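Work through the exercises below with the sequence and the structure in view. Each task is followed by its solution.

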Amino acid sequence: MEHIGQYFSSANVSVVNVKKTAGTYKLKSRLFKVGIIGFIIGAVIAFLVALRKMLFAGVIQDGMFISDVYGVKLLGSFDLNQESK
């Protein structure tokens, strides 16, 4: 660095700043962390959607559901909320 002027004297180049140690930005580790967090959040959302579909699969919405979907007459129904006498 002391004799750099001698090397570039005929090249018409001058040193503007003193050299500094280059800092590194940890983009890969940050990108990896964000990717892992995104994957975990996506997996949790997918699990909750799948769980909701499994819980509500096969649920009869009303008394006419079977006749609407399968074309079978409604033969009868009973209410489980009434108390037995």
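Buried means under 20% relative accessible area, and exposed means over 50%. The model used here is predicted.

**Exercise 1.** Find how many helices and strands the protein chain has, and state the pattern they follow.

Solution. Counting the elements gives three helices and zero strands. Along the sequence, the pattern reads α-α-α.

**Exercise 2.** State what share of the residues of the protein chain counts as buried, and describe the exposed area.

Solution. The protein chain has 85 residues, and 1% of them count as buried. Its exposed area is about 9000 Å², of which carbon and sulfur atoms supply 63%.

**Exercise 3.** Check whether the span of H2 agrees with its number of residues.

Solution. H2 has 30 residues, so at 1.5 Å a residue the expected span is 44 Å. The end C-alpha atoms are 43 Å apart, which agrees. After H2 comes Gly58, with a positive phi near 85°.

**Exercise 4.** Decide whether Phe39 is buried or exposed, and place it in the structure.

Solution. Phe39 belongs to helix H2, residues 27-56. Its relative accessibility is 59%, so Phe39 counts as exposed. Phe39 also helps make a nonpolar surface patch of about 1300 Å², whose members include Phe32, Ile36, Phe47 and Val59.

**Exercise 5.** Identify the elements with the lowest and the highest mean pLDDT.

Solution. The mean for the protein chain is 77, and 74% of its residues reach 70 or more. Helix H1 (residues 4-7) has the lowest mean, 64, and H2 the highest, 90. Where pLDDT is low, predicted coordinates should not be read in detail.

Definitions and conventions
Residues are numbered from 1 along each chain as its sequence is written. This is a predicted model: local features need pLDDT of at least 70, side-chain atom pairs count only at pLDDT 80 or more; totals for chains, interfaces and linings use all residues. Side-chain values use heavy atoms; hydrogens and water are left out. Patches are made of residues with over 30% relative accessible area and no salt bridge: like charges are joined within 9 Å, nonpolar side chains (Val, Leu, Ile, Met, Phe, Trp, Tyr) within 5 Å. Accessible areas come from the Shrake-Rupley method with a 1.4 Å probe; for residues, only the protein chains shown count as cover. A salt bridge is a side-chain nitrogen of Lys or Arg within 4 Å of a carboxyl oxygen of Asp or Glu. Helices (H or I, at least four residues) and strands (E, at least two) are DSSP runs, numbered from the N terminus. Buried means under 20% relative accessible area, exposed over 50%, partly exposed in between (1.4 Å probe, protein chains only). pLDDT is the predictor's confidence in each residue, from 0 to 100. The expected span of a helix is 1.5 Å times one less than its number of residues.
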